Amino acid sequence: MEKARLRAFQREQATAKTCMVSSFATDFLEIRAKEPSVHVLVIPGNPGIVAFYKDFVEELYENLAGQASITERGRLFSLHEQIDHKVDFIEQEFQHSEQSLVLVGHSIGAYICLEIFKRLQKKVKLCVGLYPFLTLNKKSMKQSAIGYIARSSLLSKGVSSFVSFIGSLQASVTRGIVTRLLGPSWSVTAVEATCGHLLWYHTMRNVLFMAMTEFTKLSEEPDWNFISAKQDQIAFLFGVDDHWGPLAHLEEISKRAPGVALSVETEGHTHGYCCTEAGSFWAADYVANLIKTKF
């Protein structure tokens, strides 16, 4: 842990920025290299809060030895709106860029990356999905429960009100509750992101609305034709026990598109890798190695 903290202190810091995209204020984290050969765009999972990925973004930059600029951006709303807005963001921010674009998506962000890839095939050179959520897991009780809550306006309001109540308490009390509920393994970055950005009524309502639209769309099969056509430009990292991206989905991908680079993380990290320093560092190393191999 001391080594992780020392590395976090020494590494280049990601800068929080805001820009207007399609008339919406868009928050993002960014580290700009002086002479980048590639630009990495990180697409978060739901709830789409950029602060959760600060450790990952900074470590990825260090692992690429400053040869890549890295941007991590998020925005809440429906799944379709998420995809449209991210395409608009890329077209606005990178329209004059000559660097290759690498998309890195976590959870539902992996699905969003594939949809962006479809629209911007000449721009995107590599698409990486970390613990990907590409289609519903009908065997998952957790997904069924989340889907039930998300579809109910009454339950969504109740959950959002409870979450916002915790967020309205004295800061030290809120932090103590969050730390106790989430466990000691969560990083300082993740705890601060939860307390400062997630525990709001409208944020949680949008998280659940986003989940509802995700579950509706992902009841369909993935676009196997596209994945197969671009298999040499796609990579997925799965977890051993991840109900969002079970190994059965990895096996299906290997049959349908055997050229996709598939890996299984066996170091004991979880779907929420970005919530721990160890998980963030490990995932950053994995992505950096993929990019180095590709470019």
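**Exercise 1. Burial class of E252 and its salt bridge**

Task: In this predicted model, determine whether E252 is buried, partly exposed or exposed, and identify the side chain that E252 meets in a salt bridge.

Solution.
1. The relative accessible area of E252 is 29%. Buried requires a value under 20% and exposed a value over 50%, so E252 is partly exposed.
2. The side chain of E252 meets that of R256 in a salt bridge, with an N to O distance of 2.8 Å.
3. Both residues belong to helix α11, where they are 4 residues apart, about one turn of the helix.
4. R256, at 40% relative accessibility, is likewise assigned to the partly exposed class.

**Exercise 2. A second partner for R256**

Task: Establish which residue forms a salt bridge with R256 at a closest N and O separation of 3.9 Å, and state where the two residues lie.

Solution.
1. The partner is E221; the closest N and O atoms of E221 and R256 are 3.9 Å apart. The cut-off for a salt bridge is 4 Å, so this pair qualifies.
2. E221 is located in the loop between α9 and α10, whereas R256 is in helix α11 (residues 247–256); the pair therefore ties together parts that are 35 residues apart in sequence.
3. E221 has a relative accessible area of 55% and is therefore exposed.

**Exercise 3. The K118 network**

Task: Describe the salt bridge between K118 and D223, and name the network in which these residues take part.

Solution.
1. In the K118 and D223 salt bridge, the closest N and O atoms lie 2.9 Å apart.
2. K118 is in helix α4 and D223 in the loop between α9 and α10, so that distant parts of the chain, 105 residues apart, are linked.
3. K118 is partly exposed at 26% relative accessible area, and D223 is partly exposed at 34%.
4. Salt bridges with shared partners join E115, K118 and D223 into one network.
5. The total count of salt bridges is 7.

**Exercise 4. Geometry of aromatic pairs**

Task: Classify the ring pairs F117 with F226 and F133 with F215, and locate each residue in the chain.

Solution.
1. A pair of aromatic rings is described by the distance of the centres and the angle of the planes. The count of aromatic pairs is 11.
2. For F117 and F226, the centre-to-centre distance is 5.3 Å and the planes make an angle of 85°. Angles over 60 degrees count as edge-to-face, so this pair is edge-to-face.
3. F117 belongs to helix α4 (residues 108–119) and F226 to helix α10 (residues 224–229); the two are 109 residues apart. F117 is buried at 0% relative accessibility, and F226 is buried at 9%.
4. For F133 and F215, the centres are 6.1 Å apart and the planes stand at 80°, so this pair is also edge-to-face.
5. F133 lies in the loop between β6 (124–130) and α5 (141–151), and F215 in helix α9 (residues 201–217); the pair thus ties together parts 82 residues apart in sequence. F133 is buried at 1% relative accessibility, and F215 is buried at 10%.
6. One aromatic cluster consists of Y53, F56, Y131 and Y273.

**Exercise 5. The surroundings of strand β3**

Task: Explain why strand β3 is described as largely enclosed by the rest of the structure, and identify a strand with which β3 pairs.

Solution.
1. Strand β3 spans residues 38–43, and 6 of its 6 residues are buried; the strand is therefore largely enclosed.
2. V38, V40 and V42 point one way from β3, while H39, L41 and I43 point the other way, and all are buried.
3. β3 pairs with strand β5 (residues 100–106) in the parallel sense, over 6 bridges. H39 has L101 as its bridge partner in β5.

**Exercise 6. Contacts and surface of the chain**

Task: Characterise the chain by its burial, its contacts and its exposed area, and give one nonpolar surface patch.

Solution.
1. The chain has 295 residues, of which 53% are buried, and contains 12 helices and 8 strands.
2. Of the contacts between residues at least 6 apart in sequence, 76% join residues at least 24 apart. As a case of sequence separation, S140 and H243 are 103 residues apart along the chain, yet their C-alpha atoms are separated by 6.1 Å.
3. The exposed area is about 14,300 Å², with 55% supplied by carbon and sulfur atoms.
4. V240, L247 and V264 form a nonpolar surface patch with about 210 Å² of accessible area together. V264 belongs to strand β8 (residues 261–265) and is partly exposed at 36% relative accessibility.

Conventions:
Residues are numbered from 1 along each chain as its sequence is written. This is a predicted model: local features need pLDDT of at least 70, side-chain atom pairs count only at pLDDT 80 or more; totals for chains, interfaces and linings use all residues. Side-chain values use heavy atoms; hydrogens and water are left out. Rings of Phe, Tyr and Trp (its six-membered ring) pair if their centres lie within 6.5 Å; planes under 30 degrees apart count as stacked, over 60 as edge-to-face and the rest as tilted. Buried means under 20% relative accessible area, exposed over 50%, partly exposed in between (1.4 Å probe, protein chains only). Contact means heavy atoms within 4.5 Å. Accessible areas come from the Shrake-Rupley method with a 1.4 Å probe; for residues, only the protein chains shown count as cover. Patches are made of residues with over 30% relative accessible area and no salt bridge: like charges are joined within 9 Å, nonpolar side chains (Val, Leu, Ile, Met, Phe, Trp, Tyr) within 5 Å. Two strands pair if DSSP finds at least two bridges between them.
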